[in-house]
Every structure is written in structure tokens, then in C-alpha cells.
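Q: I have a sequence and a set of coordinates. Please show me how to read the features of such a structure.

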Amino acid sequence: MLDFKINAGKVFERLKAAATRGPAAAGKELYKLANVVMTDSKQHYVPKAPTKSAGGTGISGQLRASGVVELPVENSDGSVEVRMAFGGVAGAYALAVHEDLSEYSPPSWQKVHAEGRGIDWTQSGTGPKYLEIPFLNHSRDLPVAGAQALRGAFSGDSGSGGGPRALGDPIGGE
């Protein structure tokens, strides 16, 4: 016969402590994941300005440089938010590029599309949805970030930063 004995008081103490540390641990892991997404976005998806022949200014790099990840914010309901954004003072331009073709597109871009041509971004593979695409690509890492946050909440370090695989690493050796 095998007997199990559980000290429920200690279990509840540990759960209570983890619940207290949970939002900070979640914020830490979400912040790390948001930075992975932002770096991927800047390196592979954010376009430089369209060439002058495609109705652009030809000035490049401003949109890419405007990308930021804000520090985690804990809401009154215990949820945690990490905001990623592009644009700053150039928010209208960032929105126009991300949503092209839309009501936010400048007349010169609308003209190019009406002529059956697309925007000639200076780097192939970049353009609209420059934040959405990498976010969706890395959404598979959310469960890993959640597990790391739980591990951190229970271990007391508000996020482990380690674990079986790092954020952004392939799943199953892909």
C-alpha cells in the first residue's frame, strides 16, 4: 500500500505567492516575445519608402526606426499588456503603409494601384502588414512564453528566461 500526504497549507501558500508574482512574470515573458516580433518585423518586413517612380519620397529607414516595444503594464483586472507600435509622429504614414491599399493610402499610391501597378518598395518581400505578419508567425511562441511565466511565478524569479527552448526557436526541430 502506498500513502500520499499533502500539506495543503503549503500548497495554498505557494499558489498564492505565484498568483502575486504572475502578472510580473507574464509581463516579462510577453515583453521578451514582443521584442522578438519587433526585431523580426524590422529586419524582414518593414519596407523602406517606395521609390520616387512609384509615388514615394525615396527617403528610407524612418518607418523602420520608429518601431518600439513598450514596457509591460498591469491592468486593474490583473491582465498584462505589452504594446508594440510603429509610427510615432509619423503614425499616419505607418498606418498607410501597413494597411495599403486602404482609405489611408495617399493619392499617389491610389493612382499607382489604379494603373494596375503595386507599390515598388525598395526591398523585396516588405510592405503592408509589416507588424501583423511577424506577430502571426511568432504567435506559436505564446504558449512557451506562458509556460515560462508560470515557471517564473512558481520559482519566484518573475520569469525564467530559459526553459526547454528559447523564444523564436523552431518547434520540434523545424
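The turns below take up salt bridges, a surface patch, a helix and a core.

Q: What kind of model is this, and how are residues numbered?
A: This is a predicted model, in which local features need pLDDT of at least 70 and side-chain atom pairs count only at pLDDT 80 or more, while totals for chains, interfaces and linings use all residues. Residues are numbered from 1 along each chain as its sequence is written, and side-chain values use heavy atoms, with hydrogens and water left out.

Q: How many salt bridges does the structure hold?
A: Side chains of opposite charge can pair when their charged atoms come close. A salt bridge here is a side-chain nitrogen of Lys or Arg within 4 Å of a carboxyl oxygen of Asp or Glu. The structure holds four. One of them joins Glu70 to Arg83, with 2.8 Å from N to O.

Q: Which parts does the pair of Glu70 and Arg83 tie together?
A: Helices (H or I, at least four residues) and strands (E, at least two) are DSSP runs, numbered from the N terminus. Glu70 sits in the loop between β1 (68-69) and β2 (73-74), and Arg83 in the loop between β3 (80-81) and β4 (84-85), so the pair links parts that are 13 residues apart in sequence.

Q: Are Glu70 and Arg83 buried or exposed?
A: Buried means under 20% relative accessible area, exposed means over 50%, and partly exposed is in between (1.4 Å probe, protein chains only). Glu70 has 35% and is partly exposed; Arg83, at 48%, is also partly exposed.

Q: Which residue forms a salt bridge with Glu115, and which with Lys129?
A: Glu115 pairs with Lys111, their closest N and O atoms being 3.9 Å apart. Glu115 is partly exposed at 44%, whereas Lys111 is exposed at 54%. Lys129 pairs with Glu132, where the corresponding distance is 3.7 Å. Lys129 is partly exposed at 28%, and Glu132 is partly exposed at 36%.

Q: Which residues form the nonpolar patch on the surface?
A: Patches are made of residues with over 30% relative accessible area and no salt bridge; like charges are joined within 9 Å, and nonpolar side chains (Val, Leu, Ile, Met, Phe, Trp, Tyr) within 5 Å. Areas come from the Shrake-Rupley method with a 1.4 Å probe, and for residues only the protein chains shown count as cover. Here the patch consists of Ile6, Val11, Phe12, Leu15, Leu150 and Phe154, with about 610 Å² of accessible area together. α1 (8-44) and α6 (142-155) each supply at least two of its residues, and the largest share, three residues, comes from α1. Leu15 lies in α1 and is partly exposed at 42%.

Q: What is the span of α6, and what do its buried residues pack against?
A: The expected span of a helix is 1.5 Å times one less than its number of residues. α6 has 14 residues and reaches 20 Å from its first C-alpha to its last, close to the 20 Å expected. Its buried residues are Val144, Ala145, Gln148, Ala149, Gly152 and Ala153. These pack against α1, where contact means heavy atoms within 4.5 Å. Just after α6, Gly156 takes a positive phi of about 90°.

Q: Which residues touch the most other members of the largest nonpolar core?
A: A nonpolar core is a set of buried Ala, Val, Leu, Ile, Met, Phe, Trp, Tyr and Cys residues joined through side-chain atoms within 4.5 Å. The largest one has 16 residues, and Leu63, Phe86 and Tyr130 touch the most other members. The elements giving two or more residues to this core are α1, α3 (91-99) and α4 (107-114).
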